[in-house]
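Subject: Structure handover

Hello,

Here is the structure we talked about passing on. Please look through it alongside the notes below.

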Amino acid sequence: MEPSRTVTAEMGLKISFQGMGVAVGDYDNDGYDDLLLTGVGGSPALSQRGRKEFIDATRAAGVGGAGWSTSAAWLDYDNDGKLDLFVCHYLMDDGRGHLLRRQVKIYCTPEAYPGESCRLYHNQGHGRFKDVTAQAGIRADRGKALGVCTVDSTMMEG
């Protein structure tokens, strides 16, 4: 039996990032699973190219943004056959989230930070997304989300 080897860098997945999670889905409908990473500082989108490598598609896709993303899910919320994207965000840390006592940083509990809005991105096709958070009625004053779960409502009928 041949020993396993790490192909992370070869596949384009060696990213310096404080990650929290990953969502897997074929958002560009090319038959290959793509990735959206969540973590502190944004949500990089990685598009798979023919099982040979992943490329950073964050800017081209129009997703990513800043902030502290915690979880994400691919879903087709408008039933147009293209995977849309919902990204949970936790809280806003403006760098002042700690107290200094006797030269020691003491960090506040989550209650001391304002929440950050989750985001909904509509898949416009050709690997591009549009932020439709406000149009979808997702309230910016509701934050501190850690997880998301989707369900196919057509499976719940009958």
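The notes below cover the nonpolar cores, the aromatic pairs, the salt bridges and one buried threonine. Please keep in mind that this is a predicted model.

Nonpolar cores

The largest nonpolar core has 13 residues, and the members that touch the most others are Leu36, Val63, Trp74, Leu85 and Phe129. Two strands, β5 (69-75) and β6 (84-89), each supply at least two residues of this core. A second core lies apart from it and consists of six residues, including Cys88, Cys118, Leu120 and Ala145. As background, nonpolar side chains in soluble globular proteins tend to be buried together.

Val63 is worth selecting in the viewer. Leaving out residues up to four places away in sequence, valine 63 touches Leu36, Ala45, Leu85, Tyr121 and Phe129, and also Ser43 and Thr58.

Aromatic pairs

The count of aromatic pairs is four. One of them is formed by tryptophan 68 and tyrosine 90, with an edge-to-face arrangement, 4.9 Å between the centres and 80° between the planes. This pair links distant parts of the chain, 22 residues apart: tryptophan 68 sits in the loop between α1 (58-61) and β5, and tyrosine 90 in the loop between β6 and β7 (98-101). Are the two partners buried or exposed? Tryptophan 68 has a relative accessible area of 24% and is therefore partly exposed. Tyrosine 90 has a relative accessibility of 15%, so this residue counts as buried; the cut-off for buried is under 20%.

There is also an aromatic cluster made up of Tyr27, Trp74 and Phe129. Trp74 and Phe129 were named above for their contacts in the largest nonpolar core.

Salt bridges

Four salt bridges were counted. Arginine 49 takes part in one with aspartate 28, where the closest N and O atoms are 3.7 Å apart. The two residues are 21 apart in sequence, with arginine 49 in strand β3 (residues 45-49) and aspartate 28 in the loop between β1 (18-25) and β2 (34-40).

The side chain of arginine 49 also meets that of aspartate 30 in a salt bridge, at 3.9 Å from N to O. Because arginine 49 lies in strand β3 and aspartate 30 in the loop between β1 and β2, this pair ties together parts that are 19 residues apart in sequence. As for accessibility, arginine 49 is partly exposed at 36%, aspartate 28 is partly exposed at 22%, and aspartate 30 is partly exposed at 31%.

Another salt bridge joins lysine 82 to aspartate 80, with 3.7 Å between the closest N and O atoms. Lysine 82 is partly exposed, with 24% relative accessibility, and aspartate 80 is partly exposed, with 31%. Through shared partners, salt bridges join Asp28, Asp30 and Arg49 into one network.

Threonine 133

Threonine 133 is found in the segment after β10 (128-131). Its relative accessibility is 9%, so threonine 133 counts as buried. Which side chain does threonine 133 join in a polar contact of 2.6 Å? The partner is aspartate 131. Setting aside neighbours within four places in sequence, threonine 133 is in contact with Ser117, Cys118, Arg119, Leu120 and Ile138. Of these, Cys118 and Leu120 are among the members of the six-residue core.

Regards

Key. Residues are numbered from 1 along each chain as its sequence is written. This is a predicted model: local features need pLDDT of at least 70, side-chain atom pairs count only at pLDDT 80 or more; totals for chains, interfaces and linings use all residues. Side-chain values use heavy atoms; hydrogens and water are left out. A nonpolar core is a set of buried Ala, Val, Leu, Ile, Met, Phe, Trp, Tyr and Cys residues joined through side-chain atoms within 4.5 Å. Buried means under 20% relative accessible area, exposed over 50%, partly exposed in between (1.4 Å probe, protein chains only). Helices (H or I, at least four residues) and strands (E, at least two) are DSSP runs, numbered from the N terminus. Contact means heavy atoms within 4.5 Å. Rings of Phe, Tyr and Trp (its six-membered ring) pair if their centres lie within 6.5 Å; planes under 30 degrees apart count as stacked, over 60 as edge-to-face and the rest as tilted. A polar contact is a pair of N or O atoms within 3.5 Å; within protein, one must be able to donate a hydrogen and the other to accept it, and residues adjacent in sequence count only if both atoms are side-chain atoms.
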